[in-house]
Amino acid sequence: SDKRDVQELMASHLTKGQKFRNLGMIKEAIAEYEKEHTRPIKSSIDAEIVQKSYVLKGRAYRQLGDNEKAINSFQQARDLLKRYRVGSGPETELAEIFIEQERFDDAIDLCREVLTRASNWNAQQVLEKAVALKKSSRI
């Protein structure tokens with residue numbers, strides 16, 4: 001039931017991790033998110049919690065400025081999203097990192113992938129930014 005799913009989500013380590021992150025305790029937040037990586041996936045809410053734990057870990061690493069670990073976390077989140085079809089898509093956040101690394105084609109590909117599934121204002125903005133920066137980097 002929806003109520004049980006909400007209770008499961010609230011009881012997960014994601015909630016505690018977010019509290020740590022809001023307090024600026026990023027490493028503690030990451031440790032909480034990682035506790036959900038091994039959650040057995042018996043239902044769609046389990047899959048969503050595991051998937052989101054990687055998205056949130058990616059954001060936390062991004063906050064720490066560790067883009068390589070952020071990329072790894074976002075890639076894991078993408079794989080889980082494709083496999084279980086629940087959670088949130090980290091593609092635009094991944095594309096933002098690729099733009100910073102001047103990997104413009106990778107950023108463009110990710111945004112286009114998102115836009116083939118549905119219209120997405122954020123992906124459109126990041127796509128336009130990547131295209132513009134790619135052009136200006138050639139000058």
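**Glu48 and Lys52**

I looked up Glu48 in this predicted model and found it partly exposed, because its relative accessibility is 22% and buried means under 20%. Lys52 also counts as partly exposed, at 25%. I found a salt bridge between Lys52 and Glu48, with the closest N and O atoms 3.0 Å apart. Both residues sit in helix H4, four residues apart, so about one helical turn separates them.

**Glu91 and its partners**

I went on to salt bridges between helices. Which residues does Glu91 pair with? I found Arg78, with the closest N and O atoms 3.8 Å apart. Arg78 belongs to helix H5 and Glu91 to helix H6, so this pair ties together parts 13 residues apart in sequence. I noted both Arg78 and Glu91 as buried; for Glu91 the relative accessible area is 3%.

Glu91 also meets the side chain of Arg117 in a salt bridge, 3.4 Å from N to O. That pair links distant parts of the chain, with Arg117 in helix H7 and Glu91 in helix H6, 26 residues apart.

My search of the whole structure gave 15 salt bridges. I also noted a network of salt bridges that links Glu8, Glu36, Arg39 and Asp46.

**Helix H7**

I checked the length of H7, residues 104-117. Its 14 residues should span 20 Å at 1.5 Å a residue, and the end C-alpha atoms are 21 Å apart, which agrees.

Which residues of H7 are buried? I listed Phe104, Ala107, Ile108, Leu110, Cys111 and Val114. Their arc around the axis is only 165°, which puts them on the same side of H7. Thr116 and Arg117, on the other side, are exposed. I traced the packing of the buried residues to helices H5 (67-84), H6 (91-100) and H8 (121-137).

**The largest nonpolar core**

I then looked at the largest nonpolar core, which has 32 residues. Those that touch the most other members are Tyr33, Phe74, Leu94, Ala95, Phe98, Ile99 and Ala107. At least two core residues come from each of H2 (13-22), H3 (26-35), H4 (44-64), H5, H6, H7 and H8. H4 gives the most, eight residues.

I followed Ala95 further: leaving out residues up to four places away in sequence, it touches Ala107, Leu110, Cys111 and Val126.

**Ser137**

Last, I looked up Ser137, in helix H8. Ser137 counts as partly exposed because its relative accessibility is 44%. I found its C-alpha atom 9.6 Å from that of Phe104, although their positions lie 33 residues apart along the chain.

Methods:
Residues are numbered from 1 along each chain as its sequence is written. This is a predicted model: local features need pLDDT of at least 70, side-chain atom pairs count only at pLDDT 80 or more; totals for chains, interfaces and linings use all residues. Side-chain values use heavy atoms; hydrogens and water are left out. The expected span of a helix is 1.5 Å times one less than its number of residues. Buried means under 20% relative accessible area, exposed over 50%, partly exposed in between (1.4 Å probe, protein chains only). The arc is that of the directions from the helix axis to the C-beta atoms. Contact means heavy atoms within 4.5 Å. A nonpolar core is a set of buried Ala, Val, Leu, Ile, Met, Phe, Trp, Tyr and Cys residues joined through side-chain atoms within 4.5 Å. A salt bridge is a side-chain nitrogen of Lys or Arg within 4 Å of a carboxyl oxygen of Asp or Glu.
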